[in-house]
Amino acid sequence: MSTSYINETVVENYRDAFTKALFKNVIVVVLCISINYINVALIQTFCKHQIFYMNPRYILFFHLVLNDMIQVTLTVILFVSSYIFFQINVSVCCVLILLALFATENTPLNLACMAVECYIAICIPLRHVQICTVKRTLMLIGLIWMTSMLSVLPDLFISLATIPLGFFKSRVFCLRETVFQNPHIIKKRDITYIVYLVIVWFIIFFTYFKVLFTAKTASQDATKARNTIILHGFQVLLCMSIYAEPLLRQVLQQWFPKNYSDSLFACYILFQILPRAISPIVYGVRDKTYRKYLKRYLFVQDLSILF
């Protein structure tokens, strides 16, 4: 019996009561609107001021926020549709899952790149301008997308090659394991996630410990730098925990089969929503330059509403 069949059967047998389903959906939608509202303000602030889109650090931040918006919006659509329609067309599910996976896997890679940029800015400041250029930053963003595509698109190609085309016209409960159910895909996913974990965590630990050591020896803003590094590390930990989500969901399914829908909800909030709520705080609100221009933007918006 396949894992996808077990997942769908368990969810179908233990669907939430109307009150619980409404409660979960209200929480998810409110979080989505709140996060996207802040992110839209950050994006518009970025686009209106040249100081940001000529700086590699803010370009990477813009890419991170844009990914967060795509990821949160798509996953909320999937979450809400799973309660409204329960089952949706496999082809539509594949498109939504693939786009959500691109944005999800981009985030840890983007954070690793931001860690490297931070390391260069603090530890090799004299070479920062030569190394971190706008052109190289845009090429790096392209490399991030290419890496995510090379990780995700094989799932689609393997499914097209091994599953009858009639399956893509049917309706299923939309999970990654439901539409991409070939055992080779699951093995490939596990290997890919392990490689990602090793590479990204090596970059994070190396760069941030270097930055932390430099911040401790610096005379200015040492406390702020250490606090920022702690927040960076917490966000990366949450984002990278997405790689352990499939294993955790399997364990929760075995331990709490009757509460499997609650387990899915908890995993969704913890691994998908929470990391995206931290980005605006770490890189937007706490950054002096960005905060100054963001205040101006919000003040102008308030005036336009009043008058």
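## Nonpolar cores

The largest nonpolar core in this predicted model holds 28 residues, and L42, F46, F52, F61, I204 and Y290 have the most contacts inside it. At least two residues of this core come from each of α2, α4 (56-84), α5 (90-123), α7 (134-162), α9 (183-217) and α13 (288-306). The biggest contribution is that of α4, with 7 residues.

A second core, separate from this one, has 22 residues; among them are V90, I97, L101 and L156.

## Surroundings of F52

F52, one of the residues with the most contacts inside the largest core, touches residues on both sides of its own position in the chain. Apart from neighbours within four places in sequence, the residues in contact with F52 are T45, F46, Y58, I59, T289, Y290 and Y293. F46 and Y290 from this list are also among the residues with the most contacts inside the largest core.

## Position of N36

N36 lies in helix α2, which spans residues 18-48. This residue counts as buried because its relative accessibility is 12%, and buried means under 20%. Beyond the neighbours within four places in sequence, N36 is in contact with M69, V72 and T73.

## The chain as a whole

The protein chain contains 13 helices and 2 strands. Of its 307 residues, 48% are buried. Among contacts with a separation of 6 or more, 82% join residues that are 24 or more positions apart.

The accessible surface of the chain is about 16,100 Å², and carbon and sulfur atoms account for 71% of this area.

Conventions
Residues numbered from 1 in each chain as written. Predicted model: local features only at pLDDT ≥ 70, side-chain atom pairs only at ≥ 80, totals over all residues. Heavy atoms only, no water. Helix = DSSP H or I, 4+ residues; strand = E, 2+ residues; numbered from the N terminus. Buried < 20%, exposed > 50% of the residue type's maximum accessible area, 1.4 Å probe, protein only. Contact = heavy atoms within 4.5 Å. Areas by Shrake-Rupley, 256 points an atom, 1.4 Å probe, with all protein chains shown as cover. Core = buried A, V, L, I, M, F, W, Y, C linked by side-chain atoms within 4.5 Å.
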